[in-house]
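Here are my notes on the model you sent, set out as numbered points. Please read them with the sequence and the structure open beside you.

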Amino acid sequence: MKKFVPGEIARAEDVNGNFDELKQAIDALTGALQTGAISLGNIGPGDNTDATIKFPKPFTRVPKVFLQTGNQRLILAAYDITTTGFHYWAYNNTSGISASTELMWLAVGL
């Protein structure tokens with residue numbers, strides 16, 4: 001990245017080079033984050049549910065996957081994470097039925 005000095009005239013090829021470098025960085029970041037959500041419905045006491053989630057676009061490297069739900073009764077896990085998707089598991093370890101909720105996920109492949 002060319003640094004410019006106040007008062008000096010910038011050369012067009014330096015400015016264009018900086019824009020090209022910035023575009024490559026933005027493109028890399030854009031493809032490095034993906035999110036999604038699915039409905040879990042109600043999960044009974046001691047019950048669990050699991051399924052596979054496929055990423056909208058494959059990652060170039062195996063991402064880190066973060067899970068969240070709006071229900072405090074549920075324990076969540078992500079496993080078998082690949083560049084194309086992951087498996088999730090949701091378990092209700094309480095004595096009450098869980099309210100219907102969504103499983104929200106964020107995958108980061110930086």
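1. In this predicted model, strand β5 (residues 85–92) has six of its eight residues buried, and it is therefore largely enclosed by the rest of the structure. Since a residue counts as buried when its relative accessible area is under 20%, I would start reading the fold from this strand and then follow its partners.

2. Which strands pair with β5, and in what sense? Strand β2 (residues 48–54) runs antiparallel to β5 and is joined to it by seven bridges, and within this pairing alanine 51 has tyrosine 88 of β5 as its bridge partner. Strand β4 (residues 74–79) also pairs with β5 in the antiparallel sense, here over six bridges, with alanine 77 matched to tryptophan 89 of β5.

3. The connection between β4 and β5 deserves a look at the backbone, as these strands form a hairpin with five residues between them, and aspartate 80 in that hairpin takes a positive phi near 50 degrees.

4. A further group of strands forms an open sheet of three, in the order β1-β6-β3 and with antiparallel pairing. At its edges stand β1 (33–41) and β3 (64–69), each of which has a single partner strand, so that one side of each is left without a neighbour in the sheet. From one strand to the next, the twist in this sheet averages 20 degrees.

5. Within that sheet, β1 pairs with strand β6 (residues 101–108) in the antiparallel sense over eight bridges, and isoleucine 38 stands opposite leucine 103 in β6. When following side chains along these strands, it helps to recall that in a regular strand the side chains alternate between the two faces of the sheet.

6. The largest nonpolar core has 13 residues, and those with the most contacts inside it are Leu40, Ile53, Phe55, Phe86, Tyr88, Trp105 and Ala107. Strands β5 and β6 each supply at least two residues of this core. Leucine 40 can serve as an example of the surroundings: leaving aside residues up to four places away in sequence, its contacts include Tyr88 and Ala90, as well as Thr101, Glu102 and Leu103. Thr49, Thr69 and Leu74 are also among the residues that leucine 40 touches.

7. Turning to the helix, is asparagine 18 buried or exposed? Asparagine 18 lies in helix α1 (residues 12–30), and it counts as buried because its relative accessibility is 9%, with under 20% as the cut-off. Apart from residues up to four places away in sequence, asparagine 18 touches Met1, Lys2 and Phe4.

8. Taken as a whole, the protein chain contains one helix and six strands, which run from the N terminus in the order α-β-β-β-β-β-β. Its radius of gyration is 22 Å, whereas a compact globule of 110 residues would have a value near 13 Å, and the C-alpha trace spans about 70 × 25 × 15 Å along its principal axes.

9. Two further totals complete the description of the chain. Buried residues make up 27% of its 110 residues, and the accessible surface comes to about 7300 Å², with 56% of that belonging to carbon and sulfur atoms. Among the contacts between residues at least 6 apart in sequence, 68% join residues at least 24 apart.

Key
Residues are numbered from 1 along each chain as its sequence is written. This is a predicted model: local features need pLDDT of at least 70, side-chain atom pairs count only at pLDDT 80 or more; totals for chains, interfaces and linings use all residues. Side-chain values use heavy atoms; hydrogens and water are left out. Two strands pair if DSSP finds at least two bridges between them. Helices (H or I, at least four residues) and strands (E, at least two) are DSSP runs, numbered from the N terminus. Axes are lines fitted to C-alpha atoms, for helices over the stretch in contact, and angles run from 0 to 180 degrees between N-to-C directions. Buried means under 20% relative accessible area, exposed over 50%, partly exposed in between (1.4 Å probe, protein chains only). The radius of gyration is taken over C-alpha atoms; the globule rule is 2.2 Å times the number of residues to the power 0.38. Contact means heavy atoms within 4.5 Å. Accessible areas come from the Shrake-Rupley method with a 1.4 Å probe; for residues, only the protein chains shown count as cover. A nonpolar core is a set of buried Ala, Val, Leu, Ile, Met, Phe, Trp, Tyr and Cys residues joined through side-chain atoms within 4.5 Å.
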